[in-house]
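Here comes a short chat between a visitor and a guide. Have a look at the picture before you read on.

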Protein chains: 2
Amino acid sequence: MARLDRREHLIDTAISLFLCNGYHATGIDTILDKAGVSKKTLYHHFRSKDELILAALKKYDGIFRNNFMRQVEARSEQPYERLLAIFDVAGDWFSQNNFYGCLYINAIGEFSGPDTAIRQVCMEFKALLCRFIEDLCRELPVAEPLTLAQELALLLEGAIVTAQVSQGKNHSAKIAKTAATALIAQARTLPLPDADQAVGSSQP
Amino acid sequence: MARLDRREHLIDTAISLFLCNGYHATGIDTILDKAGVSKKTLYHHFRSKDELILAALKKYDGIFRNNFMRQVEARSEQPYERLLAIFDVAGDWFSQNNFYGCLYINAIGEFSGPDTAIRQVCMEFKALLCRFIEDLCRELPVAEPLTLAQELALLLEGAIVTAQVSQGKNHSAKIAKTAATALIAQARTLPLPDADQAVGSSQP
DNA sequence: AAGTAGGTGTACAGATCTGTTTCATCGTCA
DNA sequence: TGACGATGAAACAGATCTGTACACCTACTT
């Protein structure tokens with residue numbers, strides 16, 4: 001195994017364990033055992049456990065982008081369908097047997113310091129997710145795409161934690177989708193600020 | 001201090017520390033120091049730290065009922081206004097300087113076992129909250145009060161975690177309230193299943 | 001006034017956790 | 001081939017954590 005491989009493998013292993021057991025409850029030795037890597041190697045790549053946690057949070061950002069967002073984009077070409085597809089993809093995510101909620105929400109629960117690097121990464125991720133939704137909303141003929149995006153983001157976050165508490169055995173994704181449909185429909189009925197609206201929008 | 005006082009004081013101290021620092025990161029000694037109680041006393045009232053955690057989660061249920069729900073009920077007599085007041089009270093909660101999110105959501109992030117007592121308490125609390133919202137929705141002339149309640153609950157949960165990540169410095173409560181207003185309005189436009197609807201409803 | 005339940009304080013045991021160190025080994029590139 | 005950086009295995013150090021043991025104190029009840 002090459003050098004970078006081990007580093008990435010360590011991060012991947014850490015992500016899965018942090019998701020499943022939390023950050024403080026996951027010991028270094030547990031990560032090393034599961035990764036099949038020696039402690040020397042870990043401390044060669046990371047100066048401390050906190051640095052590994054930070055690396056895990058940063059990498060998960062990219063993983064989420066490549067999985068969740070790509071899946072949404074693959075389900076439709078149209079912005080309206082993509083917005084709703086968000087909740088279908090989320091539903092698939094929740095019903096996986098190894099669903100343990102959002103890595104970032106869990107991290108904030110354990111590291112609540114006011115201005116830590118961990119919090120910053122979590123906020124950046126949240127902004128990224130909201131921006132993804134906002135970009136889709138901007139393609140719809142709605143007066144306030146940012147507001148709509150923030151509302152949909154709240155629904156998604158709420159669906160995530162609700163599914164987490166009930167171990168994905170409820171229908172929070174479906175409920176969120178129903179609510180999202182209503183919110184989008186309502187936003188479309190509001191008057192637009194300008195005449196030249198709907199840039200390349202595709203409404204069903 | 002009497003016997004029960006110490007027990008309750010221990011639980012209260014534990015709640016505030018669990019909220020602020022998390023469960024695993026909060027040591028027994030930290031709780032004892034802050035509470036000004038000896039270790040012997042703690043283990044006289046609780047057999048283990050886990051039992052103290054469980055007691056804290058169970059007590060927080062009652063605290064939340066007496067604070068959050070009573071505040072909502074105090075803001076209006078009408079079900080519609082009360083539903084919206086939920087998000088005003090939530091906004092006040094988020095902007096407190098010692099806001100650290102929801103004790104239960106944080107607990108599930110650290111104790112993700114499939115059928116633990118901790119998870120059960122969290123699910124019961126979630127059901128209680130949803131039931132509170134549902135009872136208000138049932139007083140409105142809407143076709144599916146349960147669905148509406150679940151949608152509003154998702155908004156609330158989403159607002160909580162969003163405020164937690166950004167340390168209450170955003171407007172997630174206001175966004176949730178806007179979305180809630182739209183969802184309630186939309187639910188009211190749907191046809192009712194029966195003629196004799198609206199049992200004791202009071203619509204503005 | 002005395003007994004007793006509950007409490008304090010401290011020391012301790014045993015486990016676990018992070019991080020370091022030592023020494024041997026492996027792989028790769030010059 | 002030889003050198004060097006990366007890795008493994010394991011012991012170790014120091015800190016921290018949960019939970020227990022022991023001796024003594026306090027406050028309330030009878």
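What follows is a set of questions and answers about this predicted model.

Visitor: Which residues come nearest to DNA strand D?
Guide: Let's start with the neighbourhood: 18 residues lie around DNA strand D. Both chains appear among the nearest of them, which are A:Arg6, A:Thr41, B:Ile28, B:Lys39 and B:Lys49.

Visitor: And which helix supplies the largest share of the surface near DNA strand D?
Guide: Several helices pitch in with at least two residues each: α1 (3-21) and α3 (39-45) of chain A, plus α2 (28-35) and α3 (39-45) of chain B. The largest share is four residues, and the helix giving them is α3(A).

Visitor: How many residues of that surface near DNA strand D are nonpolar, polar and charged?
Guide: Sorting them by type gives three groups. Seven residues are charged and three are nonpolar, while the polar ones number eight.

Visitor: What percentage of the atoms of DNA strand D within 4 Å of the protein belong to sugar or phosphate?
Guide: Those atoms split into two kinds, with bases making up the rest. The part belonging to sugar or phosphate is 67%.

Visitor: How far is the side chain of A:Arg6 from a phosphate oxygen of DNA strand D?
Guide: Some other side chains can set the scene here. A polar side-chain atom of A:His45 sits 3.3 Å from a phosphate oxygen of the strand, and one of B:Tyr43 sits 3.0 Å from a phosphate oxygen. For A:Arg6, the distance from an N or O atom of its side chain to a phosphate oxygen of DNA strand D is 2.4 Å.

Visitor: What relation links chain A and chain B?
Guide: A turn of 180° with a shift of 0.0 Å along the axis lays chain A on chain B, at an RMSD of 0.0 Å. So the relation is that of a two-fold axis.

Visitor: Which residue of chain A has its C-alpha nearest the axis?
Guide: Stay with that turn of 180° that lays chain A on chain B. In chain A, the C-alpha nearest the axis is 1.8 Å from it, and it belongs to A:Gly158.

Visitor: Is A:Gln167 buried, partly exposed or exposed?
Guide: Find A:Gln167 in the loop between α8 (145-165) and α9 (172-189) of chain A. Most residues other than glycine have a negative phi, yet A:Gln167 has a positive phi of about 55°. Its relative accessibility is 27%, so A:Gln167 counts as partly exposed.

Visitor: What is the phi of B:Gln167?
Guide: B:Gln167 is in the loop between α8 (145-165) and α9 (172-189) of chain B. B:Gln167 is not a glycine, but its phi is positive, at about 55°.

Methods: Residues are numbered from 1 along each chain as its sequence is written. Chains are lettered from A and ligands numbered from 1 in the order in which they are written. This is a predicted model: local features need pLDDT of at least 70, side-chain atom pairs count only at pLDDT 80 or more; totals for chains, interfaces and linings use all residues. Side-chain values use heavy atoms; hydrogens and water are left out. A residue is near a molecule or strand if one of its heavy atoms lies within 4 Å of it. A polar contact is a pair of N or O atoms within 3.5 Å; within protein, one must be able to donate a hydrogen and the other to accept it, and residues adjacent in sequence count only if both atoms are side-chain atoms. Ala, Val, Leu, Ile, Met, Phe, Trp, Tyr, Cys and Pro count as nonpolar, Asp, Glu, Lys and Arg as charged, and the others, Gly among them, as polar. Copies are superposed by least squares on the C-alpha atoms of residues with pLDDT of at least 70 in both. Buried means under 20% relative accessible area, exposed over 50%, partly exposed in between (1.4 Å probe, protein chains only).
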